[in-house]
Each structure stands twice: as structure tokens, then as C-alpha cells.
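Student: Could we take a close look at just one part of this model? I'd like you to walk me through it in one go.

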2 protein chains.
Amino acid sequence: MGAEWTGTKAIARSESIRRATLELAHERGFAKLSIEAVAARAGVGKHTIYRRWPSKGALFLDAVLALNEGAFEYPETGDIVADLRQQMYAAVDLLGRPPLGPLYRSLLGEAQHDPAVSAALNERFIAPQTQRTIARLEKARDRGQLSPDFDLELAMSILSGPIYFQVLIADEPVTHDYVDKVLAALFAGMGPRASSPPGGDQRPPG
Amino acid sequence: MGAEWTGTKAIARSESIRRATLELAHERGFAKLSIEAVAARAGVGKHTIYRRWPSKGALFLDAVLALNEGAFEYPETGDIVADLRQQMYAAVDLLGRPPLGPLYRSLLGEAQHDPAVSAALNERFIAPQTQRTIARLEKARDRGQLSPDFDLELAMSILSGPIYFQVLIADEPVTHDYVDKVLAALFAGMGPRASSPPGGDQRPPG
DNA sequence: GTCGGAACGGCACGTGCCGTGTCGTAATCC
DNA sequence: GGATTACGACACGGCACGTGCCGTTCCGAC
């Protein structure tokens with residue numbers, strides 16, 4: 001988005017628009033954001049915005065994600081749990097708290113209404129992030145630190161899901177302690193007496 | 001919402017408004033829903049809507065939740081895993097697929113923009129549902145089917161979180177098989193060789 | 001009953017923002 | 001250096017908002 005505007009002035013204009021978008025979203029909230037206000041704040045004609053982004057949601061997505069080009073990389077200390085924990089701390093601290101937290105939450109909300117935003121969000125952020133997590137888990141598995149039939153994607157969902165749930169559904173902040181608990185539960189399980197699962201015919205893990 | 005309109009005609013009017021809201025949301029999507037269109041479809045003045053609901057989001061929330069007054073109850077076969085699984089199947093089938101799925105997803109999206117909707121959603125649906133899950137788990141724990149230090153709220157988040165993640169973030173449908181995997185992973189854990197967790201200092205489960 | 005206030009449907013209004021069109025100007029490309 | 005393209009500014013029609021005002025209908029109190 002905006003990638004085809006390569007001139008010096010054009011880039012400066014795009015950045016000015018993104019900055020105005022974030023300022024206004026921060027001041028009044030995404031719901032009350034208007035293209036007209038962004039154009040006025042950025043000192044730009046409305047056409048210039050519409051020429052670069054197809055909708056308010058697309059502009060907002062681009063503005064928010066551009067803040068975070070340096071993605072969340074996983075450290076590689078050899079300890080898979082410690083590495084996951086450190087990355088999750090960083091992600092939760094950045095995306096779960098002000099100033100970026102409310103904006104990211106609004107972005108996720110908008111993705112529920114607009115399929116284009118949902119697709120772009122997935123392509124630009126969710127999928128790459130998922131891939132990084134899976135790659136890190138895969139490396140641990142290949143080194144014998146995890147069971148050979150370890151389900152990488154399922155593990156990724158169990159790590160991320162509860163955290164998004166906490167923020168989006170339960171409307172409560174996520175602490176480092178909460179991250180620790182999720183990690184512990186994922187790897188150790190919560191079965192009775194921490195060994196054999198209670199009755200039922202559920203499949204073995206992995 | 002609307003609880004103070006008790007007359008026969010008033011109740012019929014409210015139901016007519018809710019029905020029109022759901023019809024139009026189904027036809028055009030929540031984003032393109034307008035109060036004017038609802039009023040016209042319901043054969044009602046705009047004032048009548050504004051008198052009962054403070055916003056489009058509040059009206060939509062009320063309309064969607066009124067469809068599901070009969071909440072998701074847990075069976076009590078004595079097998080905690082089987083009971084959880086059966087309830088989760090029902091919830092996923094109803095809220096994760098058309099016709100109700102897209103509406104529920106829009107409702108969750110709106111809750112990210114509007115604190116009033118978020119609070120009402122929590123009070124009317126999320127919190128009671130959470131309480132039902134916790135109560136069912138607590139009963140199992142008290143019967144010795146789960147570890148005494150079993151963390152009920154954490155377990156609830158680990159059951160629900162990945163499912164919401166799958167729908168809202170990954171934008172993929174939730175199958176019964178997926179529910180089975182989450183349940184298995186929660187109780188058995190995904191640690192290496194399904195016993196001791198890999199290095200790190202994470203706390204024990206619960 | 002009937003009577004008075006509240007809620008009603010219908011209509012109109014001013015406002016805000018949308019997305020587009022049209023200027024004359026400035027930057028950019030060949 | 002000439003043509004093309006993007007630009008800021010402004011205007012436009014359109015839509016939906018939320019509110020105010022009609023005259024009518026409903027409904028509980030008396």
C-alpha cells in the first residue's frame with residue numbers, strides 16, 4: 001500500500017498522512033476518525049489519500065503496521081520455552097498496552113467488519129508472525145527438544161489464543177505472569193495429578 | 001435493554017425492530033446497517049429505536065444475543081472432558097458458522113470499537129458463559145477428577161482462546177477435530193515426550 | 001368510562017462525512 | 001523543455017446521523 005509512490009516528496013506525503021492518521025486515532029479513537037480530518041491534519045487533499053489507500057480501514061492498517069516494521073524475532077538461546085517467553089513478553093508489552101495497544105485492538109475490530117482489512121492484516125502481520133513462531137518451534141523439535149509428533153500450528157494457537165482472548169473478549173490486560181501460566185500449561189498440561197488425563201476418548205497430544 | 005417496555009404492543013415493536021436488524025445485517029452486513037433502514041423495515045419511527053437503544057452497536061448486540069437466550073449449558077455425564085467437548089461442539093457449531101457466525105463475529109468486532117458494547121457483551125454473554133465453564137470445572141475438581149491446584153480461569157482461557165483466535169485472527173473455520181486437539185493438549189500437555197518440560201524456569205501448571 | 005400523559009409513525013431539518021469532479025499549479029519524467 | 005502526472009483547494013450530490021415537531025394512538029389512573 002503506497003509502495004508505488006517512490007519520489008522523495010511522495011514518500012514524505014505518505015508518511016505525513018500515516019502520522020496524522022495515528023495522531024487522530026489516538027486523540028479521538030478509530031471510530032471517530034475521518035478521511036477529511038486526516039487530510040486536513042496532514043495538509044493534503046483528500047484525493048491524495050484516496051489515491052493511495054482504498055478505505056479508512058486500509059489506511060489505518062498501513063499506519064499501524066508501519067510502526068512495527070521490525071517484527072518480533074525469536075531469540076535462540078537453545079531453551080525453547082525461554083525463547084518463546086521472551087518473545088511473548090515483548091509482543092504483549094508492545095501490542096497490549098498504550099499507546100499502541102488500543103490502536104491494535106481497533107485494527108483487529110475493523111478486520112472483523114472488512115474482509116479486505118482482514119486479508120491484508122493476515123498477509124502483512126499475522127501470517128509472518130505465525131510462521132516465525134512455527135519456525136522456532138520446528139527448530140526445537142528437530143533438535144529433539146520437543147516430541148517428534150508435536151503439532152506446531154496447534155501449539156502456536158494455544159500460545160496466542162488465550163492472550164488475544166484476554167484482551168479482545170475478556171477485556172482484561174495481559175501480564176507477564178499470565179504468559180508464564182499459558183506457557184507452563186501448554187508444555188506440562190493440566191491433567192489430573194499432572195499425568196494421565198481423565199476419562200474420555202480424546203486423542204494423544206500432537 | 002428494552003426491558004422497561006412491557007406492554008404487549010411495545011414488546012411486539014421491540015421484536016419487530018430486532019428482527020429487522022438481523023435481517024438487514026444478514027443481507028448487507030453490519031457495517032452497512034443503518035438505523036434508518038431498520039426503522040423503515042420494521043415499520044417504526046426512528047425515535048422508537050433511539051428511545052430503546054443508545055446506539056447501533058447496542059441494538060445489534062441485543063438483537064444477536066436475544067437469539068440465544070437459551071445459553072450453552074454443560075451436560076453432566078461425570079466425564080469432564082466429554083462434557084466440555086460436547087458443549088464446545090455446540091457453541092462452535094452455532095456461533096462459528098452461518099447464519100449466526102458472521103453476526104457474532106461482527107458483534108465481537110464492534111466491541112473492539114465501542115466500550116459500551118464491550119461491557120454489555122461481557123455482562124450478558126461472556127461472563128455468564130465463563131462462569132458456567134468454571135463451575136463445571138470446579139465440580140470436576142471437587143470430585144477429585146482434576147488436580148486440587150487446577151487453575152480454573154486459566155483452563156477456561158486455554159479452551160476458548162484458541163477457538164476465538166482461529167476465527168477472529170487466523171480467519172479460518174473451527175472444526176470438531178480442532179476442538180478435540182485443544183482439549184487433548186490442555187489436559188495432556190505438549191511437552192517433549194509428553195512428560196518433563198524442556199529447560200526454563202516456568203512454574204508448574206495450575 | 002374517560003381523560004391525560006406518554007409513546008407512536010411520519011416528516012423535515014441541520015450536520016458531518018463520504019467519494020468524486022473540476023479547477024489551476026507544481027513536480028516529475030523522458 | 002515539453003508532456004504528463006500528481007497535487008491542494010474547493011465544490012458537489014448523496015447518505016445517514018440525531019433531534020424537533022406534527023397529529024394520532026395507546027394505556028394506566030381515576
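Student: Which helices of chain A and chain B each supply at least two residues of the surface near DNA strand D?

Tutor: Keep in mind that this is a predicted model. The helices you're after are α3 (46-52) of chain A, plus α2 (35-42) and α3 (46-52) of chain B. Of these, α3(A) gives the most to that surface, with four residues. There are 15 residues around DNA strand D, and the ones that come nearest are Thr48(A), Arg51(A), Lys46(B), His47(B) and Tyr50(B). Sorted by class, the surface near the strand has six charged, six polar and three nonpolar residues.

Now for the polar contacts. Lys46(B) goes for a base: one of its polar side-chain atoms lies 2.8 Å from a base oxygen of DNA strand D. With Tyr50(B), the partner is the backbone of the DNA, as a polar side-chain atom of this tyrosine lies 2.5 Å from a phosphate oxygen of DNA strand D. Over on chain A, Gly45(A) also has a phosphate oxygen of DNA strand D as its partner, 3.1 Å from a polar backbone atom of the glycine. If you look from the DNA side instead, take the atoms of DNA strand D within 4 Å of the protein: 57% of them belong to sugar or phosphate, and the rest to bases. So much for what the protein puts beside this strand, and which parts of the strand sit within 4 Å of the protein.

How values were computed: Residues are numbered from 1 along each chain as its sequence is written. Chains are lettered from A and ligands numbered from 1 in the order in which they are written. This is a predicted model: local features need pLDDT of at least 70, side-chain atom pairs count only at pLDDT 80 or more; totals for chains, interfaces and linings use all residues. Side-chain values use heavy atoms; hydrogens and water are left out. A residue is near a molecule or strand if one of its heavy atoms lies within 4 Å of it. A polar contact is a pair of N or O atoms within 3.5 Å; within protein, one must be able to donate a hydrogen and the other to accept it, and residues adjacent in sequence count only if both atoms are side-chain atoms. Ala, Val, Leu, Ile, Met, Phe, Trp, Tyr, Cys and Pro count as nonpolar, Asp, Glu, Lys and Arg as charged, and the others, Gly among them, as polar.
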